Amino acid sequence: MKDVLFTYIHQEQTADPKLRTQNSRMADLTVTAVKAERTQERVSSGVGDRVPKQNQLPRTPAGRVRNTIDCLCYPLDVLHIGQNVANIFHLVQDLMCADTDENDEQNHKLQNMGKQGHMALLGHCLTAYLSVLSKDRFRKLTTRILSDTTLWLCRLFRYENSSAFFHEDDREGLVRVCRLVLHTLYEDYASEGYAAFSSAQPIVYQSASSRPGLGQHICNQLGLPLSSLCTVPCNTVFGSQHQMDVAFLEKLIKEDMDAGKLPLLLIANAGHFSVDRAYRLGRLKVLCEQYSMWLHVEGVSLATLALDHVSSSVKRAINCDSMTLTLGPWLGLPAVPAITLYRHEDPALSLAAGLTSSQPVEKLRPLPLWLSLQYLGNDGIVQKIRHATDLVSSKHNVTQRLLSFGTKTLIGDLCLNKAVWRIFSREGILHLSLVWLSLIVS
């Protein structure tokens, strides 16, 4: 290959005299690179005594490249000579283990992901290779992956006739949905931006028990003032103290409408990382239809939509306008995107809101999830979720016995016991099981 390169440069010099100077410089650089490569080969083969010390890489007694701090003392080797693949991998290995104790083997081990986790990681590797396909093949491939994944998820979670948006940040789907509602209710929003809100300020409603910073993140991303965020208190008199007070919500909506504001969207939780229970989604949906609001649902209890028997409160989530699913924590899949399913009839507004994209990388985002879903299959996904419910049922009997002795505080401590934590983490459903276990205790 090197001889071919030298021949090509010589032919270019004789064919076009105008390029002789430039090709001469290229030849000099090539010769320098070849000499450096041969020098590096001699270093790696153990002929270090015959090579000047300035061309040798700093190494540890084990033969690996030293850490980044030591390599900074040799900038000429990095910039001019370049390194082979083995040395680069050794450097990455040192960076991964730079702050760990050599005697601590647990820190050097990677997380046990299972075969379904390796399928998800394989999708990220394939994404880079598939992006260099021809345009026609790439278009057919991405269309197939996107349509298959969307169809599987809609059928699995009973949310038919909907579109899917795949995103890395689990909050990004809600932000895009809010932007979609803004484009729908404000016709001049695309051209005038924030000035379109002069007629009526949009209001987003969320529960006081929602995850911290969610409403502030929405306002920051959309350029809305914090006055557009309305936090609804929880009901502490009737029912759970972590459920939204629906009567007080309706009162707030009426007050905002009387003040000339426009109710935009309601964020409902179907279970959460704290001790939230599924909201009265039926009443919330009726309220949203009455005041022409968009209903968005998120939470771990949405995973039970894949089961044959679903509670009536969670099953009503299929009537909402959009929902966010996080299959990564639910099924123990690393580095898979979150999914926001939504129903909207105008594809132009979906494109304006950023829910659809023509970028190749965006279209290949569901590939890791596509591979994982095929590996697990419908039965495998349902089995994992059902196993989580069985674990909670087995703990429910224990909690009932302890509650009879008035030791509710002791149960709360038991839920965070390290033994229970390790048992659930092996199954890849730690997040889901701990939430449901907390529901029983509360």
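The questions and answers below concern a predicted model of a protein chain. Residues are numbered from 1 along each chain as its sequence is written, and side-chain values use heavy atoms, with hydrogens and water left out. Local features need pLDDT of at least 70 and side-chain atom pairs count only at pLDDT 80 or more, whereas totals for chains, interfaces and linings use all residues.

Q: How many helices and strands does the protein chain have?
A: Helices (H or I, at least four residues) and strands (E, at least two) are DSSP runs, numbered from the N terminus. By this rule the protein chain has seven strands and 21 helices.

Q: Is His167 buried or exposed?
A: His167 belongs to strand S1, residues 163-167. Buried means under 20% relative accessible area, exposed over 50%, and partly exposed in between (1.4 Å probe, protein chains only). Because the relative accessible area of His167 is 1%, this residue is classed as buried.

Q: Which strand pairs with S1?
A: Two strands pair if DSSP finds at least two bridges between them. S1 takes part in an antiparallel pairing over five bridges, in which Phe166 stands opposite Ile339. The partner is strand S7, residues 338-342.

Q: Why is S1 largely enclosed by the rest of the structure?
A: The enclosure of S1 follows from the burial of its residues. S1 has five residues, so the count to consider is how many of them are buried: four.

Q: Which residues does Ile218 contact, leaving aside its neighbours within four places in sequence?
A: Ile218 lies in helix H11, residues 214-222, and is buried, with a relative accessible area of 2%. Contact means heavy atoms within 4.5 Å. The residues in contact with Ile218 are Leu174, Val175, Cys178 and Ile267.

Q: How many Å apart in space are Ile218 and Arg176, C-alpha to C-alpha?
A: In sequence, Ile218 and Arg176 are 42 residues apart. In space, their C-alpha to C-alpha separation is 9.3 Å.

Q: What is the accessible area of the nonpolar patch that includes Met96?
A: Met96 lies in helix H5, residues 85-96, and is exposed, with a relative accessible area of 57%. Patches are made of residues with over 30% relative accessible area and no salt bridge (a side-chain nitrogen of Lys or Arg within 4 Å of a carboxyl oxygen of Asp or Glu); like charges are joined within 9 Å, and nonpolar side chains (Val, Leu, Ile, Met, Phe, Trp, Tyr) within 5 Å. Accessible areas come from the Shrake-Rupley method with a 1.4 Å probe, and for residues only the protein chains shown count as cover. Together, Val85, Ile88, Phe89, Val92 and Met96 have an accessible area of about 510 Å².
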